[in-house]
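Student: Please show me the protein. I would like to go through it step by step.

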Amino acid sequence: AYLGIETETKTDGRGRAQGAQIVRITGRSPVSRAREKKRPVPGDVITKIVIDNRAKRIYTAKDLRNVLSVTLAGAKVKLIWLRGRKEMSWKGELPGR
């Protein structure tokens with residue numbers, strides 16, 4: 001399953017991982033089809049993902065890739081990210097690749 005985003009690890013000034021920062025959103029992905037005000041955009045930092053009511057903290061881009069790699073298509077997800085200091089979220093269903 002996939003979200004249709006490319007990420008890189010966001011770090012603080014001391015090199016500590018803070019989350020998966022969105023670099024690019026692909027064309028016809030689940031995230032790109034979300035309502036404009038409710039979807040993440042490049043620069044947002046993903047800090048948590050909830051899949052089928054199980055939350056997983058995201059510290060690095062690799063954390064996000066690992067979680068998605070073992071998630072089946074059709075799973076219900078909630079993506080939680082920071083835009084500046086504001087926490088935002090999106091809920092959706094993951095298609096297969």
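**Strands and a buried residue**

Student: In which strand is the place of Q21?
Tutor: Strands here are DSSP runs of E with at least two residues, numbered from the N terminus. The run that holds Q21 covers residues 17–25. Its name is β2.

Student: How sure is the predictor, and what is the mean pLDDT of the protein?
Tutor: This is a predicted model: local features need pLDDT of at least 70, side-chain atom pairs count only at pLDDT 80 or more, and totals for chains, interfaces and linings use all residues. Residues are numbered from 1 along each chain as its sequence is written, and side-chain values use heavy atoms, without hydrogens and water. pLDDT is the predictor's confidence in each residue, from 0 to 100. Of the residues, 89% reach 70 or more, and the mean is 88.

Student: Why is Q21 called buried?
Tutor: Buried means under 20% relative accessible area (1.4 Å probe, protein chains only); exposed means over 50%, and partly exposed lies in between. Q21 counts as buried because its relative accessible area is 18%.

Student: Which residue stands opposite I46 in β5?
Tutor: Two strands pair if DSSP finds at least two bridges between them. Strand β3 (residues 45–51) and strand β5 (residues 76–83) run antiparallel, joined by six bridges. Opposite I46 stands W81.

Student: Which residue in the turn between β5 and β6 has a positive phi?
Tutor: Eight bridges join β5 to β6 (residues 86–93), and the two run antiparallel. They form a hairpin with two residues between them. The phi in question is about 70 degrees, and the residue is G84.

Methods: Helices (H or I, at least four residues) and strands (E, at least two) are DSSP runs, numbered from the N terminus.
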